[in-house]
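These are my notebook entries, written while I looked through the structure one point at a time. I begin with a single residue and then turn to the chains.

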Amino acid sequence: MNLITLTTDFGTQDWFVGTMKGVILNRCPRAVIVDITHEIPAGDIRAGAFALMASHRFFPKGTVHVAVVDPGVGSARHGIAVQTANYFFVGPDNGVLSFALAKEKIKTIRRLENERLFLRPVSRTFHGRDIFAPVAARLCRGFPIHELGPLQKDFVRLPWHELRMRRQEIEGEVVHIDRFGNLVTNVEEKCLRDVFIERCRLDIGRRRNIRLATHYQAVPGGEAVALVGSSGLLEIAVNGGSAAQQLGLKIGSTFRIRLN
Amino acid sequence: MNLITLTTDFGTQDWFVGTMKGVILNRCPRAVIVDITHEIPAGDIRAGAFALMASHRFFPKGTVHVAVVDPGVGSARHGIAVQTANYFFVGPDNGVLSFALAKEKIKTIRRLENERLFLRPVSRTFHGRDIFAPVAARLCRGFPIHELGPLQKDFVRLPWHELRMRRQEIEGEVVHIDRFGNLVTNVEEKCLRDVFIERCRLDIGRRRNIRLATHYQAVPGGEAVALVGSSGLLEIAVNGGSAAQQLGLKIGSTFRIRLN
Amino acid sequence: MNLITLTTDFGTQDWFVGTMKGVILNRCPRAVIVDITHEIPAGDIRAGAFALMASHRFFPKGTVHVAVVDPGVGSARHGIAVQTANYFFVGPDNGVLSFALAKEKIKTIRRLENERLFLRPVSRTFHGRDIFAPVAARLCRGFPIHELGPLQKDFVRLPWHELRMRRQEIEGEVVHIDRFGNLVTNVEEKCLRDVFIERCRLDIGRRRNIRLATHYQAVPGGEAVALVGSSGLLEIAVNGGSAAQQLGLKIGSTFRIRLN
């Protein structure tokens, strides 16, 4: 397997992603490249970190995960490559890798300083093409990670959205809104196991007493429902509709789960 | 060949499609995965069925076609795998496969019940990842279809948009609007062969006497034209413009073709 | 390597691109297909030419570049295949290949007339599927280019956006707006080398004295900056924002660079 994934905010209207793939295939002709998404909102490091966290573990061992959401490109921030027990990760050291890395067992962190591996000249605006793509291609071919550059002790970590838990109540936060308008929250499934899900009710915005259920169609069409989604996080959805639109909520909106 | 196609309403802004590919490549490392589209309108089973019908036959024999437009995910609807003379089809049994299957010679229909093949635990909201992707990967590797689950006699069929034909007139319907604003209709080429195309005129909305021609530029820029499109269906277009916008029409709009 | 790139205005909401890939893989099962972009504005030949020019040279030698922005499909315009010192190019002869070809050493130009290679019947509206995809697949497999059709002496060239240079001033033009709202211009890096970049100032719209710098974060957040972008062309950007929105500019907007 020579698998590389790409998570960026480059969009698909320009030639940026295609160009990165050209650079990779030039250096690793057998690479299989999978797009996670290129529609991370421009410069939204946290959203990129979330997408990588939600998807990386479904790939085969040895996959090289590249994430480029990089508003500081060309400035002093460094690029890093991280080897974990199962994967490689490549990207700017600005937190975009940090949610995924928090789930993995870190083996080594290297700062990308071996300029012989980069495209020449390195542009100041497109390290995805000039640095991260060629480095990922080398890792994919088995190039030893310690030759990428010096050891680094740690990486930049974004703070996770902390839950506020009280005795009879959890206060959570919307952390992602998906294509269907489902509201993904920071409440992990394990928080709910302690209480009987059947006894939980959720209040969000003006909507009160939203039921916790197992699937979207567990409630009538047009009604709101809360459930544990495919990433193991609590989601708020509307059966057959967009919860974001119908409830008028955004990323950062808070809600309360309480025992009935 | 280990070819798998994907047709979904998952969009490309989230990690859903990338995750399905990870699951497939984990189980069938040599799979070549082609996206038909992921921009089927959310929950629009009919649009998904149409896209699959229009594209599936251009793929090599043995291709595994996966379609996931699945508003009933997690409810009582079943998943199926269908083997035809040329292809495999995998998806929810809600009609999304039915337009393509209507063009194929069915060999066997299996209900997906062999849970050993699924991801564990199976989520109630993302069977694309947990059921359909791993099943497609197995079929792609030559896993025998009869081991997927019990025989099923038939599959859910969506009604096709019936034409109303009178002696001197056909009443048709817009069934798809493409990226260019071209209006794809339910009038198949063969319906038009019986009459001389030169003698046909088309009335739609307030626009009358639209000419049938062979290509977009057969009429001056900005003018409406009707022609047999690349799917073998009558299309209404505007040369250099969007017929949908200029004629103010939608999916479901009707029109009449008459002999002049 | 059996690499094929695709640059089109087909969008990704329909089945057009997927279908082209099916046709290619039918004829060249080992083809690796890379999307440059499918979001060229509908019928915008110049935008397609620009995307191909900006990306083609990052691919391995021997890559087959296919570009289909083809408002004249089905009319008298021809299809061509061009072999250069490094690549093959396939598409309509309407200028969409011309910016990339201007950077390459041409070896042969062939008009696509060998109908035995095409899909049958050839539609009048989708030559991407019926002509360009099967021709690209053949080239990818090593089919000799001279068997595609007769020699053609030249190809249709789009005029490049000429710079107006005066003694102390360059008048340039916005030629592309990228996903981030960065304004890509027709000013090549080499034009700027003659003057000291530090001494240059740029006036565009009501905004005067924009600094030339090396990277986005060289100016405070929200401020405009000009820099040489990843395609070797001068770009106007806003650190952390969209230059297109904040400066209210469009493709075709002009600006002046002057020595301070």
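**Entry on a first residue.** Is Asp35(A) buried, partly exposed or exposed? I keep in mind that I am reading a predicted model. I looked up the relative accessible area of Asp35(A) and found 22%, so this residue counts as partly exposed, the class that begins where buried, under 20%, ends.

**Entry on its partner.** I then looked up what Asp35(A) pairs with, and found a salt bridge to Lys21(A) in which the closest N and O atoms are 3.0 Å apart. The pair links distant parts of the chain, since Lys21(A) belongs to helix α1 (residues 16-27) of chain A and Asp35(A) to strand β2 (residues 32-37) of chain A, with their positions 14 residues apart. For Lys21(A) I noted a relative accessibility of 8%, and Lys21(A) therefore counts as buried.

**Entry on other salt bridges.** Over all chains I find 36 salt bridges in the structure. One that I looked up joins the side chains of Asp203(A) and Arg208(A), at 3.2 Å from N to O, and Asp203(A) counts as buried because its relative accessibility is 5%. In chain B, I looked at Arg256(B) and Glu169(B), whose side chains meet in a salt bridge at 3.3 Å, again from N to O. This pair also links distant parts of its chain, with Arg256(B) in strand β14 (residues 254-259) and Glu169(B) in strand β8 (residues 169-177), 87 residues apart. Arg256(B) has a relative accessibility of 31% and so counts as partly exposed, whereas Glu169(B), with a relative accessible area of 18%, is buried. Back in chain A, I noted that salt bridges with shared partners join Glu169(A), Asp203(A), Arg208(A), Arg256(A) and Arg258(A) into one network.

**Entry on where chain C meets chain A.** How many residues does each chain bring to this contact? I find 29 residues from chain C and 32 residues from chain A. Between them the two chains bury about 2,500 Å², and 60% of this area lies on carbon and sulfur atoms. On the side of chain C, the residues that lose the most area to chain A are Phe58(C), Arg179(C) and Ser230(C), which together make up 28% of what that side buries. I looked for salt bridges between chain C and chain A and the count is zero, while twelve residue pairs are in polar contact across this interface. As for the elements involved, β2 (32-37), α2 (45-55), β8 (169-177) and β12 (224-228) of chain C each supply at least two residues to the side that touches chain A, and β2(C) gives the most, with five residues. Sorted by class, this side of chain C has 16 nonpolar, nine polar and four charged residues.

**Entry on how the copies are arranged.** I next looked up how chain B relates to chain A, and a rotation of 120 degrees with 0.0 Å of shift along its axis superposes chain B on chain A, with an RMSD of 0.0 Å. The two copies are thus related as by a three-fold rotation axis. Which residue of chain B comes closest to the rotation axis? I find that Val32(B) does, with its C-alpha at 5.1 Å. Lastly, only 3% of the interface residues of chain B are also interface residues in chain A, so the copies meet through different surfaces.

Technical notes: Residues are numbered from 1 along each chain as its sequence is written. Chains are lettered from A and ligands numbered from 1 in the order in which they are written. This is a predicted model: local features need pLDDT of at least 70, side-chain atom pairs count only at pLDDT 80 or more; totals for chains, interfaces and linings use all residues. Side-chain values use heavy atoms; hydrogens and water are left out. Contact means heavy atoms within 4.5 Å. Buried area is the accessible area (1.4 Å probe) that two parts lose on being put together, summed over both. A salt bridge is a side-chain nitrogen of Lys or Arg within 4 Å of a carboxyl oxygen of Asp or Glu. A polar contact is a pair of N or O atoms within 3.5 Å; within protein, one must be able to donate a hydrogen and the other to accept it, and residues adjacent in sequence count only if both atoms are side-chain atoms. Helices (H or I, at least four residues) and strands (E, at least two) are DSSP runs, numbered from the N terminus. Ala, Val, Leu, Ile, Met, Phe, Trp, Tyr, Cys and Pro count as nonpolar, Asp, Glu, Lys and Arg as charged, and the others, Gly among them, as polar. Copies are superposed by least squares on the C-alpha atoms of residues with pLDDT of at least 70 in both. Buried means under 20% relative accessible area, exposed over 50%, partly exposed in between (1.4 Å probe, protein chains only).
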